[in-house]
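Good morning, and thank you for making the time. I would like to walk you through one chain, going slowly enough that nobody needs to have seen it before, so please have a look at it first.

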Amino acid sequence: MEWRDSFLDLVLIPLSLLLPMAYHAWLWREVRLRPLRTAVGINAAARRVWAIAMMKDNAKNAVTVVQSVRNVIMGSTLMATTAILFCTGVAAVLSSTYTIKKPLSDAVFGAHGEYMMALKYVALMLLFLFAFLCHSLAICFLNQASFLINTSGCHFAAGADDSDSDASSSSLPAAGGLPLPPTRDYIGDVLERGFTLNLVGNRLFYAGVPLLLWIFGPLLAFLSSMVMVPILYSLDVVNLRGHSGCVVVSGKSAEMNGSDCTHVV
């Protein structure tokens with residue numbers, strides 16, 4: 001009878017994991033090919049334009065940069081704290097002498113033996129640990145981006161043009177032995193890494209909902225995964241009819257180049 005009890009887990013749990021994985025693989029492809037058709041691509045393009053605007057007039061916008069990035073850092077800090085608290089709670093349940101499966105053994109569909117219950121809690125703890133790691137790295141990148149944006153003001157104030165510099169210019173010493181300020185592309189990449197890690201951490205946190213419901217049976221996990229995909233689709237996909245694939249910034253065309261979003265030309 002044990003294999004019959006675990007049959008639902010062997011079928012529904014892989015399906016509940018494959019559905020969001022397939023959706024995010026499709027979303028990644030859409031962001032690469034048609035970034036302005038997705039909320040992720042539009043937000044990335046807006047962040048690139050915002051960073052360039054902040055760097056050009058950094059003397060007035062330095063406080064705005066710090067406050068804007070701080071708001072995102074606070075959100076990542078909250079999610080990281082919540083994720084590590086979940087991990088602590090799961091670890092406490094695993095190490096306790098109380099058998100958590102006893103009150104659920106008569107109400108749970110699928111397997112609910114000692115091994116299966118341990119597998120459920122370990123999978124849940126690992127998922128929240130990865131979410132904590134992503135949010136922690138996002139905080140580091142966002143802090144670095146705020147420093148880079150504010151220190152790049154002298155680069156634009158001196159009238160330097162990005163067309164005359166490349167990514168290697170940040171490593172070359174300038175006059176007086178001081179390194180040259182980083183370029184726009186590098187600063188944009190650091191900022192995007194922080195926001196991308198923040199997005200990945202949030203999606204991993206959301207993926208913990210089906211695994212959390214797996215404690216009560218694989219059917220609930222599968223249903224929650226099916227409900228989550230259309231919800232994420234409605235949030236990620238933007239219907240822009242007749243959009244040409246480029247945006248207009250201050251009368252100039254900013255064309256899309258893959259996931260790099262905008263480059264003012």
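Let me begin with a single residue: at 8% relative accessibility, tyrosine 121 counts as buried, because the cut-off for that word is under 20%. I should say straight away that what you are looking at is a predicted model, and that everything I describe has been computed from it. Tyrosine 121 sits in helix α5, and although valine 90 is 31 residues away from tyrosine 121 in sequence, the two C-alpha atoms are 6.3 Å apart in space.

Before following that helix further, let me step back to the whole chain. There are 265 residues, of which buried ones make up 37%, and the chain has 8 helices and 3 strands. If you read along the sequence, the pattern is α-α-α-α-α-α-α-α-β-β-β, with the eight helices written before the three strands.

Now back to α5, which covers residues 114-151, and to the helix α4, residues 58-95. How do α4 and α5 lie with respect to each other? Their axes come within 8 Å and cross at roughly 165 degrees, and since an angle over 145 degrees counts as roughly antiparallel, the two helices are therefore roughly antiparallel to each other. Their crossing is left-handed, and the residues of this contact divide into 29 nonpolar, 7 polar and no charged.

A second pair of residues belongs to these two helices, and here the picture at the surface is another one. Alanine 59 is in helix α4, and at 78% relative accessibility it counts as exposed, because that word applies over 50%. The C-alpha atom of alanine 59 is separated by 8.4 Å from that of asparagine 150, although the two residues are 91 apart along the chain.

Helix α5 has another partner, namely helix α7, residues 184-213. The axes of α5 and α7 come within 8 Å and cross at roughly 160 degrees, and that makes α5 roughly antiparallel to α7. This crossing, too, is left-handed, while the residues of the contact of α5 with α7 divide into 26 nonpolar, 7 polar and 1 charged.

Is leucine 127, then, buried or exposed? Leucine 127 is in helix α5, and at 15% relative accessibility it counts as buried. In sequence, leucine 127 and glycine 201 are 74 residues apart, whereas in space their C-alpha atoms are 9.7 Å apart.

Let me turn to the beginning of the chain, where helix α2 runs over residues 7-33. This helix has 27 residues and reaches 39 Å from its first C-alpha to its last, which is close to the 39 Å expected at 1.5 Å a residue. Several residues of α2 are buried, among them Asp9, Pro20, Tyr23 and Glu30.

Finally, a word on annotation. An unreviewed UniProt entry lists residues 6-28, 78-98, 118-142 and 211-233 under "transmembrane region", and I would ask you to treat that as coming from the record. In the model, the span 6-28 is 96% helix and 0% strand, with its end C-alpha atoms 33 Å apart. The span 211-233 is 83% helix and 0% strand, and there the end C-alpha atoms lie 20 Å apart. With that, I am happy to go back to any part of the model.

Technical notes. Residues are numbered from 1 along each chain as its sequence is written. This is a predicted model: local features need pLDDT of at least 70, side-chain atom pairs count only at pLDDT 80 or more; totals for chains, interfaces and linings use all residues. Side-chain values use heavy atoms; hydrogens and water are left out. Axes are lines fitted to C-alpha atoms, for helices over the stretch in contact, and angles run from 0 to 180 degrees between N-to-C directions. Helices (H or I, at least four residues) and strands (E, at least two) are DSSP runs, numbered from the N terminus. Angles under 35 degrees count as roughly parallel, over 145 as roughly antiparallel, 65 to 115 as roughly perpendicular and the rest as oblique. A crossing is left-handed if the near helix is turned anticlockwise from the far one by less than a right angle, and right-handed if clockwise. Ala, Val, Leu, Ile, Met, Phe, Trp, Tyr, Cys and Pro count as nonpolar, Asp, Glu, Lys and Arg as charged, and the others, Gly among them, as polar. UniProt positions are given in the numbering used here, feature names are shortened, and annotations may be inferred rather than shown by experiment. The expected span of a helix is 1.5 Å times one less than its number of residues. Buried means under 20% relative accessible area, exposed over 50%, partly exposed in between (1.4 Å probe, protein chains only).
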